[in-house]
Amino acid sequence: MTHPFEAEVVEASLQDWLERIREKIANGYSPSPCEVFDYPKPGFQVRPASRLELPDSVVYFALGQHVLDAVHESLAGLVNIDYSYVLRPRKASVPWFQSRFGGWKNFHEMSLKRVTRGAAYVVFADVVGYYENIDLARLRNML
């Protein structure tokens with residue numbers, strides 16, 4: 001959910017906008033509270049969702065970029081784990097995550113193969129509403 005002119009406003013003075021973020025980081029960045037709302041799902045259901053302010057999204061993405069190699073190293077030794085949104089191998093031209101449709105299809109196919117080969121356990125998990133449960137002060141101190 002974005003404001004219809006958000007990108008145009010930022011792009012009009014992108015370097016100044018990025019410089020203001022750099023200054024905030026240098027002075028002890030503090031994220032804005034996220035907006036939490038119910039996002040509609042099929043069948044008249046809803047799921048909790050959150051919307052970050054654009055500067056917070058940029059900062060979190062930059063932090064993710066900074067730790068991406070360490071995350072890949074940590075995941076490299078794991079086996080027999082499926083992810084519906086698979087963290088893709090790091091390549092400059094490839095997005096971090098697969099599309100949700102391709103990711104789900106791969107997850108489904110891999111899971112079926114492992115079950116037919118005799119997998120002892122199958123675990124399904126849906127991480128919903130994680131952001132509003134992150135202790136931002138603790139995360140900032142850890143980073």
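1. Start with glutamate 53, in this predicted model. Glutamate 53 has a relative accessible area of 33%, and is therefore partly exposed. Its side chain forms a salt bridge with that of arginine 51, with an N to O distance of 3.4 Å.

2. Arginine 51 has another partner besides glutamate 53. A second salt bridge joins the side chain of arginine 51 to that of glutamate 35, at 3.1 Å from N to O. Glutamate 35 belongs to strand E1 (residues 35–41) and arginine 51 to strand E2 (residues 45–51), so this pair ties together parts that are 16 residues apart in sequence. Glu35, Arg51 and Glu53 thus make up a network of salt bridges.

3. How exposed are the other two members of this network? Glutamate 35 is partly exposed, at 37% relative accessible area. Arginine 51 is also partly exposed, with a relative accessibility of 22%. A residue counts as buried under 20%, so arginine 51, at 22%, falls in the partly exposed class.

4. How many salt bridges does the model have? The count is 3. Apart from the pairs described above, there is a salt bridge between the side chains of glutamate 19 and arginine 22, with 3.2 Å from N to O. Both residues sit in helix H2 (residues 14–26), and because they are 3 residues apart there, about one helical turn separates them. Glutamate 19 is partly exposed, with 34% relative accessible area. Arginine 22 is partly exposed as well, at 45% relative accessibility.

5. Aspartate 56 should be looked at separately. This residue is part of helix H3 (residues 54–76). Aspartate 56 is buried and yet has no salt bridge. Which side chain of opposite charge is nearest to aspartate 56? That side chain is lysine 24, and it is 7.3 Å away. A salt bridge needs the nitrogen and the oxygen within 4 Å, so lysine 24, at 7.3 Å, does not supply one.

6. What does the side chain of aspartate 56 make a polar contact with? The partner is the side chain of tyrosine 29, and the distance is 2.2 Å. Once neighbours within four places in sequence are set aside, the residues in contact with aspartate 56 are Tyr29, Pro31 and Ser32.

7. Tyrosine 29 also appears in the largest nonpolar core. This core has 5 residues, and the others in it are Val10, Trp17, Ile21 and Val59. In soluble globular proteins, nonpolar side chains tend to be buried together. Isoleucine 21, one of the core residues, touches Pro55, Val58 and Val59 when residues up to four places away in sequence are not counted.

8. Two loop residues can be checked next. Phenylalanine 44 is in the loop between E1 and E2. Its phi is positive, about 60 degrees, although phenylalanine 44 is not a glycine. Is phenylalanine 44 buried or exposed? With a relative accessible area of 88%, phenylalanine 44 is exposed.

9. Valine 122 is in the loop between helix H4 (100–116) and helix H5 (136–142). At 47% relative accessibility, valine 122 is partly exposed; the exposed class requires over 50%. The C-alpha atom of valine 122 is 9.9 Å from that of leucine 112, and the two residues are 10 residues apart along the chain.

10. For the chain as a whole, the secondary structure consists of 5 helices and 2 strands. Along the sequence, the pattern is α-α-β-β-α-α-α. The protein chain has 143 residues, and 11% of them count as buried. Its exposed area is about 11,700 Å², with 58% of it supplied by carbon and sulfur atoms. Among contacts with a separation of 6 or more, 46% are between residues 24 or more positions apart.

Conventions. Residues are numbered from 1 along each chain as its sequence is written. This is a predicted model: local features need pLDDT of at least 70, side-chain atom pairs count only at pLDDT 80 or more; totals for chains, interfaces and linings use all residues. Side-chain values use heavy atoms; hydrogens and water are left out. Helices (H or I, at least four residues) and strands (E, at least two) are DSSP runs, numbered from the N terminus. Buried means under 20% relative accessible area, exposed over 50%, partly exposed in between (1.4 Å probe, protein chains only). Contact means heavy atoms within 4.5 Å. Accessible areas come from the Shrake-Rupley method with a 1.4 Å probe; for residues, only the protein chains shown count as cover. Lys and Arg count as positive and Asp and Glu as negative; His and the chain ends are not counted. A polar contact is a pair of N or O atoms within 3.5 Å; within protein, one must be able to donate a hydrogen and the other to accept it, and residues adjacent in sequence count only if both atoms are side-chain atoms. A nonpolar core is a set of buried Ala, Val, Leu, Ile, Met, Phe, Trp, Tyr and Cys residues joined through side-chain atoms within 4.5 Å.
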